Amino acid sequence: MERNPPGGTGPVHVPLGHIVANEKWRGSQLAQELQGKVRLIFEEGLASTDFYLSSKSCILYITEADLVAGHGYKKRLARFRNSAHLQGIVIVEKTQMSEQYFPAAQKFTVLDLGMVLLPVASQSEASCLIFQLVQEQTREPSKNPFLRKKRSMLSESSLVQTVQQIPGVGKVKAPLLLQKFPSIQQLSNASTQELEEVVGRTVAQQIHTFFTQPKRQQSWH
C-alpha cells in the first residue's frame with residue numbers, strides 16, 4: 001500500500017474494487033454498510049479526503065453536522081481544490097436540519113470551485129451512491145461510452161440545479177442558459193447583451209449582478 005504524502009492530496013494506490021477510507025470513518029454507519037458491498041482499507045493521513053475510489057478520483061463528504069457548524073467545510077474543499085490533481089466528488093447530507101444551509105454549500109462547491117456535488121439524505125443513501133461509483137470504476141469507464149455519458153449527466157444535473165439558484169433563473173431558464181454557456185466560467189464571463197438573447201433584459205441584469213457584485217460574507221458563511 002502506497003502511503004499518502006503529507007496534505008492528503010497525492011496519489012494513493014487503490015486496489016480494483018476496493019475503497020481507501022479515511023480512518024475517521026471507521027465504525028461509522030456508512031463504513032459498516034459499505035463493508036458488506038466492497039472492501040474498505042482504512043488509512044490515516046488522508047487530510048481533506050474521505051474516500052478514494054481510485055488513484056484518480058475521490059470523495060469529500062460533508063455531513064449534516066459540518067453544514068450546520070458553519071464554514072469549516074469550505075476551507076477543506078478549497079484546500080483540496082487548490083492542491084489536488086484529482087477528480088473530487090462532493091457528497092453532502094441534505095436533511096431537514098441542514099436543508100437551509102444546503103444552497104450556500106451548493107453555490108460554493110459548484111459555482112466557486114467547479115466541483116460535482118451530490119446530495120444524499122443519509123449515510124445509508126450515501127453508501128449506495130458510493131458503491132455505484134465504485135462499480136463504474138471497476139468496469140473501466142474510460143472504455144465504456146455509456147458510463148462516460150452517465151458520469152457526464154451526473155455532472156450536468158448538478159450544474160443545472162446550481163444555475164437554478166441564481167436569482168431570476170429557475171428551472172426553465174437554467175437549461176437554456178447552459179445550452180449557450182455550457183460552463184459556469186463561460187456563464188459568469190458572458191456580457192449582459194449575450195445573456196439578454198437567451199433570457200431577456202431583466203434576468204440578464206440579475207445574472208450579471210450575481211456574478212459581478214462582491215459576495216456578502218453572510219451569504220457564504
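Author: A salt bridge is a side-chain nitrogen of Lys or Arg within 4 Å of a carboxyl oxygen of Asp or Glu. The model discussed here is predicted, and 5 salt bridges are found in a search of the whole structure.

Reader: What makes the contact of R26 with E23 a salt bridge?

Author: The closest N and O atoms of R26 and E23 are 2.6 Å apart. The limit is 4 Å between a nitrogen of Lys or Arg and a carboxyl oxygen of Asp or Glu, and the pair therefore qualifies as a salt bridge.

Reader: Why is E23 called partly exposed?

Author: E23 has a relative accessible area of 25%. Buried requires under 20% and exposed requires over 50%, so E23 falls in between and is partly exposed.

Reader: What makes K24 and D50 a salt bridge?

Author: Their side chains meet at 3.2 Å, N to O, and the cut-off is 4 Å. K24 is in the loop between strand 1 and helix 1, while D50 is in the loop between strand 2 and strand 3, so the pair ties together parts 26 residues apart in sequence.

Reader: Why is D50 called buried?

Author: The relative accessible area of D50 is 0%. Buried means under 20%, so D50 belongs to that class.

Reader: Which residue, besides K24, is linked with D50 in a network of salt bridges?

Author: The network links K24, D50 and R76. Between D50 and R76 the closest N and O atoms are 3.0 Å apart, again within the 4 Å limit. This pair also links distant parts of the chain, with R76 in helix 3 (residues 72-83) and D50 in the loop between strand 2 and strand 3. R76 has a relative accessibility of 11%; the threshold is under 20%, so R76 counts as buried.

Reader: How many aromatic pairs does the structure hold?

Author: The structure holds 2 aromatic pairs. In one of them, the rings of W25 and F51 have their centres 5.3 Å apart and their planes at 40°.

Reader: Why is the pair of W25 and F51 called tilted?

Author: Centres within 6.5 Å make a pair; planes under 30 degrees apart count as stacked and over 60 as edge-to-face. The angle of 40° meets neither of these two conditions, so the pair is tilted. W25 is in the loop between strand 1 (18-22) and helix 1 (29-35), and F51 is in strand 3 (residues 51-52).

Reader: What makes the pair of W25 and Y61 edge-to-face?

Author: The planes of W25 and Y61 stand at 75°, with 4.9 Å from centre to centre. An angle over 60 degrees counts as edge-to-face, so the pair takes that name. Y61 is in strand 4 (residues 57-62), and the pair ties together parts that are 36 residues apart in sequence. Ring pairs thus link W25, F51 and Y61 into a cluster.

Reader: Why do W25 and Y61 count as buried?

Author: W25 has a relative accessibility of 6% and Y61 a relative accessible area of 1%. Each value is under 20%, so W25 and Y61 are buried. F51 is buried as well.

Reader: Why are strand 2 and strand 6 said to stand at the edges of the sheet?

Author: The open sheet has 6 strands in the order 2-1-3-4-5-6, with mixed pairing. Strand 2 (39-43) and strand 6 (116-120) each have a single partner strand, so one side of each is left without a neighbour in the sheet. Strand 1 and strand 2 pair in the parallel sense over 5 bridges; two strands pair when at least two bridges are found between them.

Reader: Which residues make the nonpolar surface patch?

Author: V68, M97 and Y101 make a nonpolar surface patch of about 250 Å². V68 is found in helix 2 (residues 64-69), whereas M97 is in the loop between strand 5 (87-93) and helix 4 (102-112). V68 is in contact with M97, S98 and Y101, leaving aside its neighbours within four places in sequence.

Reader: Why is M97 called exposed, and why is V68 called partly exposed?

Author: M97 has a relative accessible area of 51%. Exposed means over 50%, so M97 is exposed. V68, at 32%, lies between under 20% and over 50%, and is therefore partly exposed. A patch residue needs over 30%, a condition that V68 meets at 32% and M97 meets at 51%.

How values were computed
Residues numbered from 1 in each chain as written. Predicted model: local features only at pLDDT ≥ 70, side-chain atom pairs only at ≥ 80, totals over all residues. Heavy atoms only, no water. Helix = DSSP H or I, 4+ residues; strand = E, 2+ residues; numbered from the N terminus. Buried < 20%, exposed > 50% of the residue type's maximum accessible area, 1.4 Å probe, protein only. Contact = heavy atoms within 4.5 Å. Patch = residues over 30% accessible without salt bridge, like charges linked within 9 Å, V, L, I, M, F, W, Y side chains within 5 Å. Areas by Shrake-Rupley, 256 points an atom, 1.4 Å probe, with all protein chains shown as cover. Phe/Tyr/Trp six-rings, centres within 6.5 Å; stacked < 30°, edge-to-face > 60°.
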